[in-house]
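Student: I am new to this structure and would like to go through it in short questions. Where should we start?

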Amino acid sequence: MVAKETYDNLLAYQEILTEKFKLEEQIEDLPKIISSKMEVLNRVKRSYLVKHKQFKDLESNLTSCEKRLVELKVEYQDNEEKLKQVKSQREYEAIDKTLKSNTERQDEINLQIMQDKRMIDDLRSAIDDFELNIKQQEEDIVKEQDRVNAELVKFKKELDELKGKESSVIDGLDDEFRLKFEKIVKNKDGKGIVAVTRGFCSGCFLVLPTEYVNRVRKNDDIYFCPNCSRALYYDESPESIFTLEEQGLDDSEFFDEEV
């Protein structure tokens with residue numbers, strides 16, 4: 001006969017495993033918080049670098065435009081002097097055309113300079129915002145890392161305590177059975193052992209054949225639900241006991257005893 005202590009140990013082991021899996025999940029998930037924040041920060045930094053490159057390119061372009069504008073002004077002054085010394089109409093028209101072209105080019109460059117300066121001002125403001133955002137995120141990550149480290153220490157301590165309790169309740173359990181039970185608890189939302197109540201598996205509510213219920217009730221071995229694989233124990237409370245015959249049911253309607 002399976003001792004009541006064995007079932008009590010399985011129920012206790014079930015509670016320990018449920019808490020243990022929860023802690024292990026939290027320990028696994030905590031670093032993901034930092035990874036997620038780092039991913040966001042890296043995206044912001046990439047955007048910052050794009051803005052910064054645009055800013056530097058515009059600054060370089062602005063410097064080139066301003067240099068070219070100075071050159072055009074010098075050329076304009078030189079051509080104005082030449083215009084004073086012309087001796088033919090053809091020479092006058094050629095220099096005058098050059099002056100007009102020079103003026104048009106200066107106007108274009110002045111317009112480009114104004115546009116570049118506006119964009120540079122906008123980018124400088126955006127870069128300042130990015131730098132502030134990056135600094136705040138980095139400070140937040142440092143604080144979050146400290147919190148995560150503290151939580152990890154706490155959870156690992158709790159896990160070690162649970163492992164101590166675990167060793168006291170699994171003593172005497174077959175390793176193969178223990179691993180099977182652990183897997184069931186993990187896959188069945190923390191419920192690896194459930195009662196047979198009024199002929200049902202209280203885990204999945206499958207109606208069990210009378211013969212199978214009687215086997216569980218004999219308590220000569222540990223039986224598992226043929227549907228959900230949970231370990232079964234018999235609920236001896238009066239309100240939970242009934243037979244399939246009382247309900248007018250036939251075992252064959254539910255599952256083949258030979259399976």
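Tutor: Start with a definition: strands are DSSP runs of at least two E residues, numbered from the N terminus, and two strands pair if DSSP finds at least two bridges between them. The model is predicted.

Student: Which residue in S4 is the bridge partner of Phe224?

Tutor: Phe224 belongs to strand S3 (223–224). Two bridges join S3 to strand S4, residues 231–234, and the two run antiparallel. In S4, the bridge partner of Phe224 is Ala231.

Student: Which strands stand at the edges of the sheet?

Tutor: The sheet is open, with four strands and mixed pairing, in the order S2-S1-S4-S3. A strand with a single partner has one side left without a neighbour in the sheet, so the edges are S2 (200–201) and S3 (223–224).

Student: What angle does the direction of helix H4 make with that of S4?

Tutor: Helix H4, residues 210–218, packs on the sheet. Its contacts there are with S1 (193–197), S3 and S4. The angle between the directions of H4 and S4 is about 80°.

Student: Which helix gives the most residues to the largest nonpolar core?

Tutor: That core has 43 residues, and Leu10, Tyr13, Phe177, Phe181 and Ile222 have the most contacts inside it. The elements giving two or more residues are helices H1 (4–84), H2 (89–169) and H3 (175–187). With 19 residues, the one that gives the most is H1.

Student: How many residues does the other core have?

Tutor: This core lies apart from the largest one. Among its members are Tyr223, Cys228, Leu232 and Tyr234, and its residues number 12.

Terms used:
Residues numbered from 1 in each chain as written. Predicted model: local features only at pLDDT ≥ 70, side-chain atom pairs only at ≥ 80, totals over all residues. Heavy atoms only, no water. Contact = heavy atoms within 4.5 Å. Axes fitted to C-alpha atoms, helices over the stretch in contact; angles between N-to-C directions. Core = buried A, V, L, I, M, F, W, Y, C linked by side-chain atoms within 4.5 Å. Buried < 20%, exposed > 50% of the residue type's maximum accessible area, 1.4 Å probe, protein only.
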